[in-house]
Amino acid sequence: MIRYLRLYGYFLRFSVSRAMEFRFDFFFRIGMDMLWYAHHLAFFWLLYRHTPLLGGWNLDQLLVFSGGMFLVDAIQMTMTANNTWMLPIYVNKGDPDYYLVRPVSSLFFLSLRDFAANSFINFLMAVGLFAWALARYPGPLGAGAIAMYVGLLLLGTLLHWSLHMIFILPVFWLHTSGGLREVFWSLDRYTQRPHGIFTGWVRRVLVSLLPFALIVSYPTTALFNGLTWTLFLHIAGAAAAAFLVLVWIWKRGLRVYASASS
Amino acid sequence: MNVFWSFAGVEARKRMSYRVDFWVNAVVSFVTELGVAWFIVLAMFAGGGRVGDFSREGMLLYFVAIILGSRIVRSADLEWAIADDIYNGALSRYLLYPANFVVLKYATQIGALLPVLIQIVLFGAWVPFVLGIPEGIHVTPATAAMCLGALAVANLLHFMTCLPLQLVAFWADNCWSLLVAHRIVASFLGGLLLPLSLFPSWSQTALAALPFRYLFAFPVDVLLGRVSPVEYVAGLAVAVLWCGIFAGISAAIWRRGTLQYTGVGM
């Protein structure tokens, strides 16, 4: 474990120094994420001008949900997004060869080697927005409840990353430019809306087969309605199951991986 | 003109050759985008009545139309082909062709429309049977024809608004985040996420003056009979004016950029 933490420290140092060399991109990406936050908040602000509730939540609750979503997004943009973007390219070019011969987990290496220093600025902004949404919430939210919420959001982040990878890893078989990444990005829209607006079988699918509602919506529900064991086990079970499926697909993928000819 | 259509034809054939990948993405993307919008609309109308100047069915029809229309407008969206050519040095061979690089790239975008048009027909065929024509909506052959004109201008305008951002590749190694930012702003201020009539009244003048409305909301409003002939002509004029403005900005950037272009990959 210590070895992996030290290795991650090297990833950080290398990524930060490289990010500073490409200054244009550094600021473009910060601006892009700021626009994404702003448009998201403006979208819901406009919606609530015409309706008092959306999926059972008022604007204050929706802002807390948005803060949670920004946090999950910022973590994945900072820690994994560059890596998930490059992974299909590496596989198609045969680059995993370099990582397979190293005495560390290839999944760890290829998933976390590039830390997005520019998105770390956005992570700080997301933390600020998250804190602002919680601070302006009129109801009582104790420190324990907020800590529980952050913990559940971290589980949601693991679930989100695992699902993302599950959609990318078919590149081992399909040899397309991004696996099923576009499909994931389409489905990820469900993460960005409160699950209360969905009904019927769509809602059931979003908490089971494609558990996008468990990433932010369910943790937010736990914050407002209280955490039950059922809810916790549901989120943790889905995150663990998705991670195990990811590891299983990764191992199967490496078996069919044929280096540069992939 | 022959060269233009040759490039468009090559791109159309290329797009049609990646069928499984293309159709899986197309179907999931359409179903998801429409699904999210659909449930948002149902949640907004949970209390009944009207929202802004829309009935529930009217707003559902608006979202179906704008989601399908946006595919025509965006065509080869987010593929930063021009930026890639500049950055990788592939621009060099185009500079030797006896044709304008930007026009050839637009031909490629037109070629990419063929599979999109097939999608529109397939995905849009069910609409009249499920939604019908809600009260307050007036779709006629005339509005459909006017909409086609607005979509053609919108497609060009989308290309022109992205062009200066792609040309930043002469200086920056990676301008994809600029194009993503463009997509975010255009979706929001173009009415793709929410009808523009739901925006506050104080913002309406600015929305009408900015180019984004003419990308998505305007062609759909034309189709649904929400735009008078005078407003239609004025809208097209504003869109064409914006095309000219972005063409001027792009030409200036192009002149400065090509002065320092090395042709070996930046």
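**Two chains and their helices**

The contact takes 29 residues from chain A and 31 residues from chain B. The model is predicted.

Me: Which elements give two or more residues to the side of chain A that touches chain B?

Reply: They are helix H2 (23–47) and helix H10 (181–187) of chain A. H2(A) provides the largest share of that side, 13 residues.

Me: And what makes up that side of chain A by class?

Reply: There are 17 nonpolar, 7 polar and 5 charged residues on the side of chain A that touches chain B.

Me: Let's turn to helix pairs. Why is H8(A) called roughly parallel to H13(A)?

Reply: Start with the value: the axes of helix H8 (residues 143–168) of chain A and helix H13 (residues 229–256) of chain A cross at roughly 30° and come within 9 Å. Angles under 35 degrees count as roughly parallel, so H8(A) is roughly parallel to H13(A). Their crossing is left-handed.

Me: Which residues of H8(A) and H13(A) meet?

Reply: On the H8(A) side they include Leu152(A), Leu155(A), Gly156(A), Leu159(A) and Ser162(A). Among those in H13(A) are Ile235(A), Ala239(A), Phe243(A) and Ile249(A). The residues of this contact of H8(A) with H13(A) divide into 16 nonpolar, 2 polar and no charged.

Me: What makes H3(A) and H12(A) oblique to each other?

Reply: Again, look at the angle. Helix H3 (residues 59–79) of chain A packs against helix H12 (residues 217–225) of chain A at about 130°, with the axes 10 Å apart. Roughly perpendicular covers 65 to 115 degrees and roughly antiparallel needs over 145. An angle of about 130° fits neither, and H3(A) and H12(A) are therefore oblique. The crossing of this pair is right-handed.

Me: Which residues make the contact of H3(A) and H12(A)?

Reply: H3(A) brings Gln61(A), Val64(A), Phe65(A) and Gly68(A), while H12(A) brings Ser217(A), Pro219(A), Thr220(A), Leu223(A) and Phe224(A). By class, this contact of H3(A) with H12(A) has 5 nonpolar, 4 polar and no charged residues.

Me: How many residues are in the largest nonpolar core, and which have the most contacts inside it?

Reply: This core has 136 residues, and those with the most contacts inside it are Leu159(A), Tyr62(B), Ala65(B), Ala154(B), Leu157(B) and Cys175(B). Helix H9 (residues 141–167) of chain B gives the most to the core, with 14 residues.

Me: What does Tyr62(B) touch, not counting residues up to four places away in sequence?

Reply: With those set aside, Tyr62(B) touches Phe54(B), Pro195(B), Val220(B) and Leu224(B).

Technical notes. Residues numbered from 1 in each chain as written. Chains lettered and ligands numbered in written order. Predicted model: local features only at pLDDT ≥ 70, side-chain atom pairs only at ≥ 80, totals over all residues. Axes fitted to C-alpha atoms, helices over the stretch in contact; angles between N-to-C directions. Helix = DSSP H or I, 4+ residues; strand = E, 2+ residues; numbered from the N terminus. Left-handed = near helix turned anticlockwise from the far one by under 90°. Contact = placed C-beta atoms within 7 Å. Nonpolar A, V, L, I, M, F, W, Y, C, P; charged D, E, K, R; others polar. Core = buried A, V, L, I, M, F, W, Y, C linked by C-beta atoms within 7 Å. Buried ≥ 20, exposed ≤ 12 C-beta atoms within 10 Å, placed from the backbone.
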